[in-house]
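Me: Could you take a close look at one part of this model for me, the largest pocket, and then walk me outward from there into the rest of the chain? I'd like one connected account.

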Amino acid sequence: MTTSSLSGPDPMDGVIPGPIPTGDNADRPENGSGTVTRLGDRIFRTLSVGSGLLVSLIIGLIALFLIIQAVPALAKNSENFFTYTGTWVTDGDTLQFGILNLLYATVVVSVIALILAMPVSLGIAIFLTQYAPKRLVGPITYLVDLLAAVPSIVYGLWGILVLGPALVPVNTWLVGNLSFLPFFNEPTQVANMSTGGTMLTGGIVLAVMILPIITAVTREVFVQTPVGHREAALALGATKWEVVRVAILPFGFSGYISGSMLGLGRALGETMALLLIISTAGPLDFNLMESGETFATKIANNAAEFDSPLKTGAYISAGLALFVLTFVVNAAARSVVTRKAK
């Protein structure tokens, strides 16, 4: 009988000793979980938190600036800021202005852009990630991304000089055959059908502008789909389209919505392109053959006349409304993504 058997089991049996800190490891502090925290990790965490706080601070300062500049003009406004649809009067001490027309035109052209761009972007993303030969993926991706590098004013010139005139026969046909719908009535106040500078043209141009944003985000999310999800669907006998439907689309839905909201944010604030296509106040009748002013085009059209604090504040109040609208849209998108993730 050995000495170890007489003294009972060794308490160190089965215990794997941890590494003994040596060199630089001996000086690294441990966090609450017992893991080593490196200096680089602390620096990266500090920079990340600082960057997030800095962005939040900048956004807060922008909101504070808009509020400070807009409040005096809003206090002098004799009309309801949210429902007034008449001509803006920004000279003198009694002001008259409202955002209902601007909100309508901004939302309408942006919704048209989303309706047109979202299905096309989804189709391009599915094609590039699932069906396209590898030798074509790079060139097609480059061409789609290149659309995002085109300046806004070039899109505006293309819309009013090329696309608008090309749509004149289409607009005439729509008014002649589908006038029973409120979207395609004969214009009553602003007759832009002869030039093609209509809400429909503006929405199509915006759709082309936001197409690369939605496509890029959606494509990157689809690529991240776990291989196991695809292989499981294939093992059950699914076709390629069924793999896309049951594995790719559910996994990438939140990214698709996020990309669409990024595109919507671009559409809501677009200025130069729409300034060249639609920049005349129109009625609130859901007629896509009319023109209209968005928040951005209204401010840009009158920027040269900002000669007094009250007049400037009246238009800054429109910018504040656009600022709030963007936040509401992003919050709604985040709610959809969070609910889908759960």
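Reply: Happy to! Let's start with the helices around that pocket: helix 3 (100–131), helix 10 (295–302) and helix 11 (309–341) each supply at least two residues of its lining. Please keep in mind throughout that this is a predicted model.

The largest pocket has a volume of about 260 Å³. Its lining is made up of 22 residues, and those nearest the centre are Gly86, Thr87, Trp88, Glu293 and Lys298. Sorted by class, the lining has nine polar, eight nonpolar and five charged residues.

Trp88 is a good residue to follow from here. Although Trp88 lies among the residues nearest the pocket centre, it counts as buried because its relative accessible area is 13%, under the 20% cut-off. How many aromatic pairs are there in the model? The count comes to eight. In one of them, Trp88 and Phe97 sit 5.4 Å apart, centre to centre, with 45 degrees between the planes, so the pair is tilted. Phe97 is buried as well, with a relative accessible area of 0%. Another tilted pair is formed by Phe323 and Phe327, with 5.1 Å between the centres and 40 degrees between the planes. Both of these residues belong to helix 11, where they are four residues apart, or about one turn of the helix. Phe327 is partly exposed, at 45% relative accessibility.

Trp88 and Phe97 also take part in something broader: ring pairs link them with Phe81, Phe82, Phe306 and Tyr315 into a cluster.

Trp88 and Phe97 have a further contact in common, which takes us into helix 11. Ala314, a residue of that helix, is in contact with Trp88 and Phe97, and also with Ala73 and Thr90, once neighbours within four places in sequence are left aside. Ala314 is buried, at 0% relative accessibility. Ala314 and Ile299 are 15 residues apart along the chain, and their C-alpha atoms are separated by 9.6 Å.

Now back to Glu293, another of the residues nearest the pocket centre. Glu293 also lines the largest cavity, together with Asn101, Tyr104, Ala105, Ala281, Gly282, Pro283, Ser291 and Gly292. This cavity holds about 30 Å³ of space, and the structure has one cavity of 30 Å³ or more. By class, four nonpolar, four polar and one charged residues make up the cavity lining.

Ala105, from that cavity lining, leads on to Leu288. The two are 183 residues apart in sequence, yet 9.8 Å separates them in space, C-alpha to C-alpha. Leu288 is found in the loop between helix 9 and helix 10. Is this loop residue buried or exposed? At 11% relative accessibility, Leu288 counts as buried. Not counting residues up to four places away in sequence, it touches Val108, Ile112, Phe183, Phe184, Thr198, Met199 and Leu200.

A second buried position helps to fill in the picture. Ser260 is located in helix 8 and counts as buried, with 0% relative accessibility. Beyond its neighbours within four places in sequence, Ser260 is in contact with Leu114, Met118 and Ile214.

Helix 8 (240–268) also brings us to helix 5, since what covers the buried residues of helix 5 includes helix 8, helix 6 (199–223) and helix 9 (272–277). Those buried residues are Ser152, Tyr155, Gly156, Gly159, Leu163, Gly164, Leu167, Asn171, Leu174 and Val175. Gly164 deserves a second look: helix 5 (residues 152–177) bends there by about 45 degrees, and a proline, Pro165, follows within four residues.

Stepping back to the whole chain, the secondary structure comes to 11 helices and zero strands. Of the 342 residues in the protein chain, 38% are buried. Among contacts between residues at least 6 apart in sequence, 73% join residues at least 24 apart.

Notes
Residues are numbered from 1 along each chain as its sequence is written. This is a predicted model: local features need pLDDT of at least 70, side-chain atom pairs count only at pLDDT 80 or more; totals for chains, interfaces and linings use all residues. Side-chain values use heavy atoms; hydrogens and water are left out. The bend at a residue is the angle between axes fitted to the seven residues ending there and the seven starting there. Buried means under 20% relative accessible area, exposed over 50%, partly exposed in between (1.4 Å probe, protein chains only). Contact means heavy atoms within 4.5 Å. On a 1 Å grid over the protein atoms alone, a cavity is a set of points where a 1.4 Å probe fits but cannot get out, and a pocket is an open set with protein on both sides within 12 Å along at least five of seven lines; lining residues have an atom within 4 Å of a point. Grid points are joined across faces, edges and corners, and a volume is the space filled by probe spheres set on the points. Ala, Val, Leu, Ile, Met, Phe, Trp, Tyr, Cys and Pro count as nonpolar, Asp, Glu, Lys and Arg as charged, and the others, Gly among them, as polar. Rings of Phe, Tyr and Trp (its six-membered ring) pair if their centres lie within 6.5 Å; planes under 30 degrees apart count as stacked, over 60 as edge-to-face and the rest as tilted.
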